Each structure stands twice: as structure tokens, then as C-alpha cells.
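Trainee: Could you take me through the interior of this protein in some detail? I would like to see how the buried parts fit together, taken slowly and in plain words.

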Amino acid sequence: MRGPDAYPTVSGVAAAARLLSTRHPDLCRMRLAGESRTGRPLWLLSVGHGRRHVLVVAGPHPDEQAGGGTVLWLAEQAVADRHRQADADLTWDFLLCLDPDGTVLNESGPAGPRPPAVHFRHTYRPAACEQPEWAGSFRAPGDELPETYALLAVIDELRPFLQCSLHGTDVGGSWVQLTSDIPGLAEPFGKYAAELDIPVQAGTYDALFWHGSGPGVYVLPPGGRRERFACEPENVNGSTWCRPQRHGGLTALVEVPMWATRRVADPAPHPEPSQAIGAMAARLRKDGAALTATLERALRVIGTPDSADSSEALLLRGVEQAVGAFAALAADYDVLAADSPVPLTMAHVAALDIAARRIPLRAAGMLLRVLDEQPLGDGDPAGEPGRLRGRLERRLDAGARELVASVDARWVPVYDQVELQARTVLAAVDRLS
């Protein structure tokens, strides 16, 4: 499927899904699965009438926008291939956007190709406790975010044998994370990625401690074993990813990149991983100290947001979590440099470097958005907000250019991101059918 090189908006995805339902009322139906924290609808589109359900969740992270196009691709494919879906006794269920509030806030930037600095300048990355998939790691049962509650209710109602969560990365390659193995998935996934010229990520920050099931496919370690860095407060067992296990199902996360680099696909051993990762830890501390000082100055200008649910408050909480993570992540990198649980390859080190560079870029971009709302000083043409903005703009521009240039990354057309994600979901369903 080819179309404009642009991500669809939340409202655009809902409108297209509604049109599909109108055109095929015998096969498609839309209903409200819940509401967001600010009252935006959480739409569920279902295609087919089989007893076996596949649940596809778009928009779990607002800055990962390919999923909206992917659910439309898959829904149209399910309609076109209705006889095969009926033979397989399948129903496809699409949660069109899990976090519409955050995604709308992220839609302030260009919908398609953009300079890397412009991307980070418009990014919104919520604090982990405000991400619907992860919120269960922080909140007691019965006190879930409304988006989390809606997703859990859908899972318990439909009992899907497969939940597919559609994610993305700003710079890197493509990979799949599984809560239980899907034997043979790596082969078609690698084939589709090669056809679209998207690197398969041979080493990742997210799945560093997960088991490999094949190139670019990672399986959650058995219960109790390490799954994430120590500095990360969220855990997979407390997330919505594990809910299908109650009903004999599993979850597949499909990650696709905005900018692709072949550095994350190099499985060769790194010659000096300890030295490289130690240098990243030092840079994290330096970046963290600089951003902490900038945030302290900015807070004196910004004051306390009028509402905890305002865009200003949401952005600030995202900044504060990012800034607060630098020291702990640097310490984790030091531990990894001294004693890695896995042999570190060129791909691993490239992925760890990308992760260390993008955290300050996200924080700087979100803080700039908050400062944009502040008035200029009366006695000074720029005032303190203007001076802070200028400093952050220069830091963001230089850091974003350095991130992309350091790994020789290139923009991946949106329709290629969508196609790889959709075809990988289809391959997972085929392997489980």
C-alpha cells in the first residue's frame, strides 16, 4: 500500500475506520472501548466474525506514530481477504489509538519527513507512569489510568490469542519483542525488512536482557529474571503486554524506525565495549548536569502549571523524568561496561549510544515547548525565557545532527514503516494459526 509520506492523525485514522465500517457493514463495526483522561474516545474497530481474536494496539507511545497507518493497512487487508479470515475463524480487533491525548500533543510537528532537530522539537514522551501500557507497574489494581483500564477490559472480553502492540524508534532498526516465542517468525520478518531495505536490529537497548529467537526477534526471559536496566522503574510483568497470558495468549511488539542505520545490524564483536560504554556514561552525566541546571532556571520562569492535565504540565513531567534518569542510567552503563551479561557487539554498542543521545534531545525538545508559552521579558527583548530557548535550540540542533550523522542514518518513508509493521503482524498471525 502506497500513500503520502506522512503519518495519519488520530482523527484521520478514526475517520478512515468509520468510512470502512460504513462501506462494509456486514464485516466491520466500530464501538467505543473507553475514554482517555481528557475524554477523547478510544475507538475499537473489528473486522470479521471469527471466534479467534487478534488485537492490534496503535498509539501506545505518542511519539511513535506509524501504528495509525498500520491498523488501517491491516483493516483494509482483512476486508479484502475476508474469505481467508473466515476460513481461519478470525476476527481482527484494532484499538485505533491507546493514548490519543499524548498523540494529539505530539501532532504539532510535521507529519512526514523532517530534519531530526524538528522531530525532537515537537516530541512529547510521557513520564513512564503516564504511559498506558506501563502504568500498571506504578498503580494498584483498580487504580489504573482510564486508557489502561479500557485496554485490559478489551483483552479480558476478547481473549485474543495474539496482541500486537505497534511501536517505533526514532533512530535505529526494526525488531520484535515477544512475551512468548513464535517459532519461525524471524524468517519472514527478516525477508520483509530486506525487501524494504530496513535494517534488522541485531542488538537493542530495550531487549538487551531478552533471549534471541532469531535475528531481530527477542523473547521475554522467564519470570524473575532480569528484563530491563535497574534504573527503569517499569516492569513487563506489570504491563498490559502480559494480560493475554491469562487467556492463553501472547503479545508481540513490532518496532520500526523513523531513521534507519545499519550500525544496529552489525553482529561483529565490538573491540572495546567497556571503553565505549564508559564514554557514554560520562556523556550522560555531563548532559544530565547541563539539563538539570537549565530545568532549574526554567522552573523559576515557568512556575507551577494551572492544571495537572494541561499540556504544559504533561510536558514538564516528561522533562522531569528524563532529567532525573541521567545519573541512574549512567550508573547502569558503568555496571554494563564492567560486567556485561551478554557479549557486546557493534550493534549493541550502537543501540546503547543512540539511547544515551536521544534522552537529552527529548528532554530539551519538551522543555522548549513549555518555554514557547512563556511571555518575553519587558525590559529585555529576549528575557530569561528567550535566553533559555536560544541555548536549548542550539543544543538540540547540534545534538540531533550529531545523532543522525554519527550512525549515518536515513529517513525511512512512512509507508515503508507501515508496510513492515503490518506484514510482520500478518506473519505472526500465520505462525500461530
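Mentor: Happily; we will begin with the nonpolar core and then visit some helices, a few polar residues and the cysteines.

Please keep in mind that this is a predicted model. The largest nonpolar core has 113 residues. Within this core, the residues with the most contacts are Val-47, Val-56, Trp-92, Phe-94, Leu-162 and Tyr-333. Helix H10, residues 346-372, supplies the largest share of the core, with 16 residues. Another core, of 12 residues, lies apart from it, and includes Val-57, Leu-95, Leu-98 and Val-154. As background, nonpolar side chains tend to be buried together in soluble globular proteins.

Tyr-333 is a good place to stop. Setting aside residues up to four places away in sequence, Tyr-333 touches Tyr-205, Phe-229, Ile-277, Met-280, Ala-281, Leu-284, Leu-352, Ala-355 and Ala-356. Met-280 turns up again beside Asp-353, a residue of helix H10: with the same kind of neighbours left out, Asp-353 touches Met-280 and Arg-283. Asp-353 counts as buried because its relative accessibility is 14%, and the cut-off for buried is under 20%.

Now to helix H9, which runs over residues 311-338. Its 28 residues should span 40 Å at 1.5 Å a residue, and the end C-alpha atoms are 41 Å apart, so the two values agree. H9 also has a kink of about 40 degrees, centred on Phe-326.

Helix H6, residues 146-158, can be checked in the same way: its 13 residues should span 18 Å, and its end C-alpha atoms are 18 Å apart, which agrees. The buried residues of H6 are Glu-147, Thr-148, Ala-150, Leu-151, Leu-152, Val-154, Ile-155 and Leu-158. Val-154 is the residue we met in the core of 12 residues. Among the elements that cover the buried residues of H6 are strands E1 (28-35), E2 (41-47), E3, E4 (90-95) and E5, along with helix H4 (100-106). Just after H6, Arg-159 takes a positive phi of about 55 degrees.

Two polar residues in loops deserve a look as well. Ser-174 sits in the loop between strand E5 (162-172) and strand E6 (175-178). With a relative accessible area of 0%, Ser-174 is buried. Its side chain reaches the backbone oxygen of Glu-255 at 2.5 Å. Beyond neighbours within four places in sequence, Ser-174 is in contact with Phe-189, Ile-198, Pro-199, Val-200, Gln-201, Glu-255, Val-256, Pro-257 and Leu-420.

Glu-64 belongs to the loop between strand E3 (52-57) and helix H2 (66-80). At 10% relative accessibility, Glu-64 also counts as buried. Leaving out neighbours within four places in sequence, Glu-64 is in contact with Arg-125, His-167 and Gly-168. The C-alpha atom of Glu-64 is separated by 18 Å from that of Ser-36, 28 residues apart along the chain.

Last come the cysteines. The structure holds 0 disulfides. For Cys-129, the nearest cysteine sulfur is that of Cys-231, 15 Å away. Cys-129 counts as partly exposed because its relative accessibility is 30%. The sulfur of Cys-164 has its closest cysteine sulfur in Cys-242, and at 15 Å that is too far for a bond. Cys-164 is buried, with a relative accessible area of 0%.

Note on methods. Residues are numbered from 1 along each chain as its sequence is written. This is a predicted model: local features need pLDDT of at least 70, side-chain atom pairs count only at pLDDT 80 or more; totals for chains, interfaces and linings use all residues. Side-chain values use heavy atoms; hydrogens and water are left out. A nonpolar core is a set of buried Ala, Val, Leu, Ile, Met, Phe, Trp, Tyr and Cys residues joined through side-chain atoms within 4.5 Å. Buried means under 20% relative accessible area, exposed over 50%, partly exposed in between (1.4 Å probe, protein chains only). Helices (H or I, at least four residues) and strands (E, at least two) are DSSP runs, numbered from the N terminus. Contact means heavy atoms within 4.5 Å. A polar contact is a pair of N or O atoms within 3.5 Å; within protein, one must be able to donate a hydrogen and the other to accept it, and residues adjacent in sequence count only if both atoms are side-chain atoms. The expected span of a helix is 1.5 Å times one less than its number of residues. The bend at a residue is the angle between axes fitted to the seven residues ending there and the seven starting there. A disulfide is a pair of cysteine sulfur atoms within 2.5 Å.
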